[in-house]
Structures are given as C-alpha cells and as structure tokens.
Amino acid sequence: MTKKIFALSVVNVVLIALVMVPQTVLSVDSGSYKGPIAMIPTTDGTLLYVLNQDAAEIAVVSTADKAVVKTFPVPNHPNGMAMSPDGKALAVTCGDDYGVVVLINPSDGKEIVRAKTGHFPCAPIFTPDGKRLFVCNRFNATVFEYNAANLAANAKVYQAVREPISTAVTPDGKTLFIANFIPNDKADSFDVACEVTTIDLASGQVGNIRLPNGTTGQHDICVSPDGKYVYSVAILARYPLPTTQIERGWINTNSLNIIDVQSMSLLNTVLLDDVDLGAANPWAVTTSADGSLLYIAIAGSHELCIVKTQPMLEKLLKLPETLEEAKALGLYDTRGTYSSSIRANVQNDLAFLVGMKTRIRKLPGRAPRSVAAIGTDVYLGAYFSDTVDVVETAAPRPKVSSIPLGPEPEMTPARRGMLAWHDATLCMQQWQSCASCHPDVRADGLNWDLLNDGSGNLKNAKSMLYAQELPPAMWRGVRPDAYYAIRTGFHFILFSVPGEEVCKDIEAMFAELRPLKSPYLVAGKLSESAERGKALFNSERIGCFKCHPEDNYFADGKMHDVDTNGPLDRDADIDKWGGNFDTPTLIEVWRTAPYLHDGRYVDMHDLFIDGAHGHRVGGDVKGMTEQEVDDLVEYTLSL
C-alpha cells in the first residue's frame, strides 16, 4: 500500500543563511498591516532588510537614521528571506499551495528569476559558497536543493520529519540543520517530540536528532560562528501532568536546545524561564558575531532574552551523567530531583541559567518574531506593532527605541484577537499563551490532561478551525460551544480572567479563520485517486458522509460511538459517556495528525486499516481493497 510522501520535482539554487522563522498562516485579513517576520543586515551593518509578510514587501531600514528609506514589493504571502554571500541577491519564499522562490536584486528590488517550490515554502538558506540554495516546503515536509546558477534545473529533494520551518548551515558548508515545527508521533506513546533534521551536504545523507519528550513549537534554529554548536528554541510541554496549576512551569516551559555538531547529538536543553516568570513562545534566535551571546526573541511575553554561551556550555559539560558520579564529585543536591546534579535534570531546572541570562522585558513593540544583531545592537521585528525595536545592549542599562515600518496599525477586533491568542502576558506568570498548545490556532500534536472531563484521561489537542461553527466543544462535548470554551480556557488553563473584550476579540478572530488548500490537491483540484475516494466517501457502502457531511464543514456536530475508546479512557469515563466523542471537521485533516481523541494514529492509512474507522456505524471499511483505502485517504487528505 502506498503511503505518499510529497517530493515535487522542480528547479535548482543555494547560499548562507541569515533567515528568520516564517510567520505561519493567520488566515485573518491582513488589512493594511506590515507584519515583519524576517530581518537581514548588510555586511557593513548600515542597512537592514525587513520582510513584511502582511504587506508583501521588503522594507529597507537605515540603521544610522533609524528609518525606512525605501520599500519594494514581493509576491503574495512571503514566508522567509535569505541573502546570498556576495550580497547580490535576496531569496524570498512566497505563497502557499502555489509556492515560489524568487531572487531579488537588493539594490532596486527587481526580480532576477523565480522557480516553483512545494507547499508553503519557507526558510530559504544559501550555502557559504553561494552555489546552492535550500528551501523548506513546510506542509510537504520536504527540503528542495536548487543550483543557484540555474533555477530552471530540477531540484533535489530531501525528506524532513514534519513541518520544516527554519534552517541553519555550518560555516564550513558541510551540514544543513532543519528545525521541524511539531512532533510526528503517536500522541499516546511515552515519547512525543520535535526533531532536528540534518543533511550532509557532501553525501546527501539525511539524519534526525530527537529533542526531549514534550518538545513542540520549535520555531527557529541557528549555528554558532565557530560551527561547533547548533541552537534551537521551542516549547517544552509537561503534557503528561494534569493541568491542576501553572506555577513553576507545571504545564509548559520554554526551552533552548543545544546540539553538538561534532557528535551530531543533543548536548542538553536549558530553560529560558525564571522560577516564577515564564518566557513564553520563544520565536527567533541568533548569535553575536563572536558567538559569545545568544539573542532570543520571546514573542509570547514580548521581550529579548540574552544568554551568555561560554559559561552555559562550561556548566553543561561539567555535569556528570549519573547520580553516583554527582555524589562522588560533591555535586549532589539533597533538596530534590529538580536540581542540576546530573545532565538529565537540566531540562527541569528553572534556575540553571541564573547569572548567565538577561531578560529585557520593556520593549515598545508586541510579539517580536525575528531578531538580528549588528555589533552590540539587537533588532527585533515586532509583528503586531509593525515596528523594528532596537536594543542597545552596550549601555549599562540597555537603551530601547523603535523604528516604525509604517503608520501605527489600527487593529480590527480579529487582529486584536490574534494578538491575544499569542499573548502570554494574559496568562498567570506568563508561562504560555493560547498559541502554546494551539499554534496557528491549530494543534501541537500532543495529548493533554485537561480537567474539564476528569483527570488521568489525556486527549489530543484540537484545531480551532471552524470551532465556532461546530458546537459542542472538547472531545467529550463538555463545553456547549467554542465561545464558552474560550472563557473557561483562560480560567482553567491560563489561570487568569482577561476581560470580556479580549474574549470577544478572539471570537472575531475565530470567525475569520480560513483553511489552507491541501498539499494533496493537484493544481488546486482533486486528483484522480481523490475523485475515486470522494465517491467511496459519499457511498452508502462506506458511508463517511453520514457523520461528516460536506455541507456542514464535514462534521455533523453530534456525538458518536465509533469504537474508539482506548487505554487512556478510564472506566469512569466509559460509564459516563460510553464511547461517544464529538465529531471533528475533516477540513485540513491533512495537517492535524495524530488522529482520534487520543492521537493513536499518525497515519490516515492506519486509521482505516488498523482502526477500521467507520466500521462501528455500518461502513464496510474492512472490506475495502488496498486501492480503495489509498483513494479514500487521498480524498480525506485533500479536504
């Protein structure tokens, strides 16, 4: 049976990566906003190129005048930007299902050449010699390699893990590192985590480095100037714990992962939070020119975090592997297991970076999602403020100023709602935002033990797409609708009461959410296989349409028992609800794996073959041929 992995044949390119994390599709009217998502300084530091996603333009900022000196347009929905080592071309990735990469002359903004890519291209990066260009296709989970001198040649294709979203290349040009955004695991297993994909640029060999259990939302990655270490920023979720409290990172912490390039392995993971104050949603990371400092844009709590690398690395490397070694070295802390006596405990130590970390919290802008360093000055692209904030770190007390990219934005309710969704200052001690578990207002790939239906029964996070159209809310339907769930979510998950206006703004944002077109479509239409699958879907024999009617967002808004109770469902739950679960929409099901309420199936084929999904309600799914299963899967993943 064929399990499809997208690898489109396209055109060729390559160079050095000064790329920032792409802002993912908000699906909310961008209006007249700028929405800065990436920044690249010129070699001499006199200019800063800022990619404004919502305005589909590049703004050129004079660092001396602290002002925009010119702008030039780029194709719709730009997702990432990189500059060639010789400074003669900007590579900009644009579009969703119609993705392209364009090379632009940075002096006049004129397009040099363009090539097709895969679905939602992002994170372009050049190799240091300028001969090759790599582009991530986020929703194809592929990486394209182009010949920079001939974009018309067929691209080489490499397989990532899931939603590759950021790239970094070693200074010697030997290895490319790719950050995968969310896990690609069975959510009911004991290890669910993002991975970093590696590509040996000489042999083309692909590998993966697994991050700690609970790692999700891995937004950005960079490499140290000496090429010895790779750093990525992510969320480290404590998903197996019941959400009874939020203090001390009980639900979510926010992490920095350190990879040793020589051994191609994870050295360790440290926390960016303080003991009583979260650093929610780290979004972008870069180093100082000498690699002594890391600059991290903390989008959820609107701040800059500065980490001293040398003392951090020295402390990490001195830690023993075992408790016995720690005792022999006099490092054992008898106060408890959350100290850093051994390497395995570091990821739980909220005080590990004390004395090595500075948090600059009073930034003028909101939601910094890109970061660049020029000398001792740090620039942050504030997505919702349409500004570039400047932090002069050399001053005894860092001086902060702001460069407007356009008129001060007048936010609509939906735009304010999107900001609130990503705003961790609305959370007690700012440990997390709504986006921590629902990135892009979708899902993080983890099971959570929320208390609205009891404890000890973890369930998969759901996408919020069309949630307001399909009451009730939650897998067991314990909330009457999404509007009620917004308010209880703040109360019982963020442990705060934000006010009715904030909740109304999020309602407005929900109403404007729109799906992306599926990467399984061919030129925007169903493939021949999907057309056959559609006929099966709507047939009386298989009967998927009975619970997933097309005219109601492919969901009937009812509870059904389709024989999906599993090991995570307690006897008390079964006594109360039987096997009934809320019917989810199938729109964008291609991006919402793992499947079922407990996330037990990563692959839709397994859902039909091993799970016989639909059999309980009369569908002849067990009688389908392999081709029919392939066709049905192709159709559902095309929605």
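**Exercise 1. Determine what share of the protein's contacts between residues at least 6 apart in sequence join residues at least 24 apart.**

Solution. Contact means heavy atoms within 4.5 Å. Among contacts in the protein between residues at least 6 apart in sequence, 57% join residues at least 24 apart.

The model is predicted: local features need pLDDT of at least 70, side-chain atom pairs count only at pLDDT 80 or more, and totals for chains, interfaces and linings use all residues. Residues are numbered from 1 along each chain as its sequence is written, and side-chain values use heavy atoms, with hydrogens and water left out.

**Exercise 2. Compare the radius of gyration of the protein with that of a compact globule.**

Solution. The radius is taken over C-alpha atoms, and the globule rule is 2.2 Å times the number of residues to the power 0.38. For 639 residues the rule gives a value near 26 Å; the protein has 24 Å, which agrees. Along the principal axes, the C-alpha atoms fill a box of roughly 70 × 65 × 50 Å.

**Exercise 3. Classify the packing of helix 5 and helix 6 by angle, then describe their contact.**

Solution. Step one: helix 5 spans residues 482–492 and helix 6 residues 500–512; they pack at about 135 degrees, with their axes 10 Å apart. Step two: angles under 35 degrees count as roughly parallel, over 145 as roughly antiparallel, 65 to 115 as roughly perpendicular and the rest as oblique. The two helices are therefore oblique to each other. Step three: helix 5 contributes Ala-482, Tyr-483, Ile-486, Arg-487 and Phe-490 to the contact, while residues from helix 6 include Glu-500, Val-502 and Phe-510.

Terms used:
Axes are lines fitted to C-alpha atoms, for helices over the stretch in contact, and angles run from 0 to 180 degrees between N-to-C directions. Helices (H or I, at least four residues) and strands (E, at least two) are DSSP runs, numbered from the N terminus.
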